[in-house]
Amino acid sequence: MVAKNLNFSKLKSSYLFIQIEQKKTEFLEKNPGVELINLGIGDTSSPIPQFISEKLAAAAIDLGTVTGYSGYGSSAGNPQLRKRISEVLYPNLVDGDEVFVSDGSKCDIGRLQILFGRDVTIAVQDPTYPVYVDGTLLQGATDEIVKMSCTPENHFFPDLSSLPRTDLIYFCSPNNPTGSVATKEQLKQLVDFAKQNQSIIIFDSAYAGFIQDPQLPRSIYEIEGADEVAIETGSFSKLAGFTGVRLGWTIVPQKLKYSDGSSIRDTWIRTISTIYNGPSNIAQAGGLAVLEPEGQRSVKRLIEQYMSGAQKLAVSLKQSGFVVYGGENAPYLWVRCEDKNSWDSFHELLEKSHIVSTPGAGFGMAGEGFIRFSAFATADDIEKAIEALAN
Ligand SMILES: *Cc1c(COP(=O)(O)O)cnc(C)c1O
């Protein structure tokens, strides 16, 4: 028999959403026939806009023709798509050859962790998206992970002056789960902090497309000098309903170097060509469609629809007496539970209102006392939730 990779023993026993599924199943066994209102998991529910789905279909059909067939592409992605991502989403900020297209942002975060190995030290926001921590632990990292508490008291931005130096700083804005977005001034502080400490920021911009306020930064590279200290990951998942199609990207700037002066970008190229063979050609055709003017208009409508659901839900929660954060520039509402802990509130919502939410404590200690509502629910579920809350 073969021994298990011992790093797995460092992970928390079960993934949050598996626990939630279990609670749902238990509830339904006791209450057969009850229809649950799902505001829990952060998965998209609206169909891909037709303009884009037709381009996906055309690319698939093309593969069945002699002239349209293609096999392996570049591990870094289709050069035309790399260029379009830089032009449309990072105008004058990033070069096409700094963009690396992939099968998704979470997968890239897992692979990025290879760049720094097991001796790395990291800081993450608390509450946090789980892969930053779990992926690091799987690499074999043993140093304590620094938690940057993000709560209403500090306007969801950590007090940097009290933090120790770490090699990497993971930062997600717009944030999952809190729905908060860092301002330009805050990101500038973060970039300055990384420069002083010679740290690298891994900036997760999966929800950049949901920012409504034009003053808020959609990319870390809007901060001058960030290309010397930051890697950014992005995704078509929430932007265009590609959670199942699978398409994302990572920006690794030319200027980013290891302490010995060698190029991180070159090492990234080596990594993806060694253990990855590039994203699906069909998915990439879909990505190109998203970045066409018609595609951009259609995803804007898609996002507006989710954000309007978020707004309606926020109003209804506030009317029911809840204190609500987020939901204005991100598809998540972060709701304070009055004098109850996260899991008790989760149960109460499930039992009294038949609403499935996500307990904030599942995202870290600083998430205790909060619950997350996802606006990726169907319009129907949002309406039902509003009705249930009113009663
Ligand atoms: C959904 C999500 C992603 C996207 O991951 P993909 O692998 O591209 O689907 C990345 N980061 C955060 C914080 C997310 O919530």
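Let me start in the loop between α3 (79–89) and β2 (99–102), where we find asparagine 92, a residue that is not a glycine and yet has a positive phi of about 60 degrees. I should say at once that what we are looking at is a predicted model, so please take each of the values that follow as computed from that model.

Staying with the backbone, there are two cis peptide bonds I would like to point out, one from aspartate 126 to proline 127, with omega near 5 degrees, and another from serine 173 to proline 174, with omega near -10 degrees. Proline 127 belongs to the loop between β3 (122–126) and α5 (131–138), whereas proline 174 sits in the loop between β5 (168–172) and α6 (184–197).

Serine 173 brings us to the largest cavity, since that residue is part of its lining, together with others including Gln125, Phe156, Cys172 and Asn175. The space inside the largest cavity comes to about 30 Å³, and when its lining is sorted by class, we find five nonpolar residues, four polar ones and no charged ones.

Now to the ligand, which is surrounded by 14 residues, the closest being Tyr207, Ser235, Ser237, Lys238 and Arg246. Which classes make up this shell of residues around the ligand? The shell divides into five nonpolar, five polar and four charged residues. If we look at individual contacts, a polar side-chain atom of serine 235 lies 2.7 Å from an oxygen atom of the ligand, and for arginine 246 there is likewise a polar side-chain atom at 2.7 Å from a ligand oxygen. With serine 105, by contrast, the atom that lies 2.7 Å from an oxygen of the ligand is a backbone N or O. Taken alone, the ligand would expose 390 Å², and the protein buries 94% of that area. As for where the shell comes from, the elements that contribute two or more residues to it are α4 (105–112) and α7 (237–240).

Finally, let me turn to a sheet, bearing in mind that strands of a sheet pair through backbone hydrogen bonds, either parallel or antiparallel. Here four strands form an open sheet in the order β9-β10-β13-β12, with antiparallel pairing. The edges are held by β9 (323–326) and β12 (358–359), each of which has a single partner strand, so one side of each is left without a neighbour in the sheet. The partnership between β9 and β10 (residues 332–336) is antiparallel and runs over four bridges, and within it valine 323 has arginine 336 of β10 as its bridge partner.

Conventions
Residues are numbered from 1 along each chain as its sequence is written. This is a predicted model: local features need pLDDT of at least 70, side-chain atom pairs count only at pLDDT 80 or more; totals for chains, interfaces and linings use all residues. Side-chain values use heavy atoms; hydrogens and water are left out. On a 1 Å grid over the protein atoms alone, a cavity is a set of points where a 1.4 Å probe fits but cannot get out, and a pocket is an open set with protein on both sides within 12 Å along at least five of seven lines; lining residues have an atom within 4 Å of a point. Grid points are joined across faces, edges and corners, and a volume is the space filled by probe spheres set on the points. Ala, Val, Leu, Ile, Met, Phe, Trp, Tyr, Cys and Pro count as nonpolar, Asp, Glu, Lys and Arg as charged, and the others, Gly among them, as polar. A residue is near a molecule or strand if one of its heavy atoms lies within 4 Å of it. A polar contact is a pair of N or O atoms within 3.5 Å; within protein, one must be able to donate a hydrogen and the other to accept it, and residues adjacent in sequence count only if both atoms are side-chain atoms. Accessible areas come from the Shrake-Rupley method with a 1.4 Å probe; for residues, only the protein chains shown count as cover. Two strands pair if DSSP finds at least two bridges between them.
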